[in-house]
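Subject: Structure for you to look at

Hi,

Here is the structure I promised to pass on, with the sequence alongside. My notes on what turned up follow below.

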Amino acid sequence: MGEFGKTNTPYDDVFRTLLNDCTRLIIPVINEVFGERYTGEEEVIRFPNEHFLEQQDGKQEERITDSSFEIIGKETKKYHLECQSAPDSSMLVRFFEYDTQIALDGGGIKGDMLTVTFPHSAVLYLRSNEKTPDSLWIRMCTPGGCVSYRIPVMKNQRYTIGEIFRKDLLFLIPFHIFTYEKKFHEYEKDPAALGQLKQGYAQIRGRLEGLLHKGRIDEYTKCTMIDMSKKVLQHTARKYKKVMEGVEDAMGGKILEYEAKTIRNEALREGREEGIKGTISVLKGLNIPASVILEKIQEQYHLSLEDCREYL
């Protein structure tokens, strides 16, 4: 969400954390946006977020996507999703750059022909209004003719709590606070209105507990949803103390934050090795310097510099 993907915001970080730590939650999002019928049991393979674009002077410029991955089902499809707090004029340029690089990364030459396959791309707008389009379009005109492709727009604020759980769109829970953003001032002054907001978040927590008891999600996923919701809340409602305290109280944030960190540390110890080794292999294949690889691995997997060096 930073300019042309060069900087991160708290929302970018939450989006990538969800994809990294609760990967399977992205499958219902893909079903919703693209009309797919994945069962949720398919394998999701994530690609590095960093892409290095060749410049005319021969130098490489780094661009960071929010998510690039493929889903292996009856057929394998590549996807590219971006998370955007609100529409901006750079989105289409950014999508074209990313999609082209993703296509080139997976392209192949056979005889005298280079074949590239563009990913299925979409954008999640955290904020939207009546003027926000349902689709973005990219049109490419070549000497051989013109072709265009659609980039669906998913509007976070359109989804109620009921719809989120009915459609298994748990990925949207941390961003649900944007639905109430325009009423923060009212919640801060009116205890009754604040009580309704708290009731909504108590409902979210209760439904997460229900999914846990049914075995639909695990403890780590539940805790991550609550922890990531808190992170988005702290940035979005930072000027509204009563709103922050009310939502955190309704979701039980303080205890669960500790639980999430404990479970996450256990998950790190038990195994991210395959993902780390795969990421290093890809970056080495792009001739990225070892010092840069170390920095990326340290940031993405939250490891110490000493631990990172053991994988090189």
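Let me start with one strand pair: β4 and β5 are antiparallel to each other and share 6 bridges. This is a predicted model, so please read everything here with that in mind. Within the pair, Ser67 sits across from Leu81 of β5. The connection from β4 to β5 is a hairpin of 3 residues. β4 also pairs with β1, again antiparallel, through 4 bridges. There, Ile45 has Glu70 of β4 as its bridge partner. As for exposure, β4 is mostly covered, with 5 of its 6 residues buried.

**The sheet as a whole**

These strands belong to an open sheet of 6 strands with mixed pairing, in the order β1-β4-β5-β8-β10-β9. At the edges are β1 (43–46) and β9 (135–142), each of which pairs on one side only. From one strand to the next, the twist averages 25°. Helix α3, residues 91–105, packs on this sheet and touches β4 (67–72), β5 (76–84), β8 (120–125), β9 and β10. The direction of α3 makes about 150° with that of β5.

At the β9 edge, the neighbour is β10 (residues 145–155); the two run antiparallel and are joined by 8 bridges. One of the bridge partnerships there is Arg139 with Ser148 of β10.

**The disulfide**

Which cysteines form a disulfide? Cys141 and Cys146 do, with their sulfur atoms 2.2 Å apart. The structure holds 1 disulfide. The link between Cys141 and Cys146 is right-handed, with 110° about the S-S bond. Cys146 counts as partly exposed because its relative accessibility is 44%, and the range for that class lies between 20% and 50%.

Two further cysteines are worth a glance while you have the model open. Cys22 has 5% relative accessibility and therefore counts as buried. Cys83 comes out at 0% relative accessibility, so Cys83 is buried as well. The cut-off for buried is under 20%.

**A covered helix**

Is helix α2 (residues 26–34) mostly covered or mostly exposed? It is mostly covered: 7 of the 9 residues in α2 are buried. The buried residues of α2 are Ile26, Ile27, Pro28, Val29, Ile30, Asn31 and Val33. The cover over them includes α1 (10–21) together with the strands β1, β4, β5, β8 and β10. Just after α2 comes Gly35, which takes a positive phi of about 70°.

**A helix pair**

Finally, have a look at α7 (residues 219–236) and α8 (residues 241–251). The axes of α7 and α8 come within 10 Å and cross at roughly 175°. The pair is therefore roughly antiparallel, since angles over 145 degrees are classed that way. On the α7 side, the contact is made by Ile226, Ser229, Lys230, Leu233 and Gln234. They meet Val243, Met244, Val247, Glu248 and Met251 of α8. Sorted by class, this contact of α7 with α8 has 6 nonpolar, 2 polar and 2 charged residues.

Happy to go through any of this with you whenever it suits.

Best wishes

Key:
Residues numbered from 1 in each chain as written. Predicted model: local features only at pLDDT ≥ 70, side-chain atom pairs only at ≥ 80, totals over all residues. Heavy atoms only, no water. Pairing = 2+ DSSP bridges. Axes fitted to C-alpha atoms, helices over the stretch in contact; angles between N-to-C directions. Contact = heavy atoms within 4.5 Å. Buried < 20%, exposed > 50% of the residue type's maximum accessible area, 1.4 Å probe, protein only. Parallel < 35°, antiparallel > 145°, perpendicular 65-115°, else oblique. Nonpolar A, V, L, I, M, F, W, Y, C, P; charged D, E, K, R; others polar. Disulfide = S-S within 2.5 Å.
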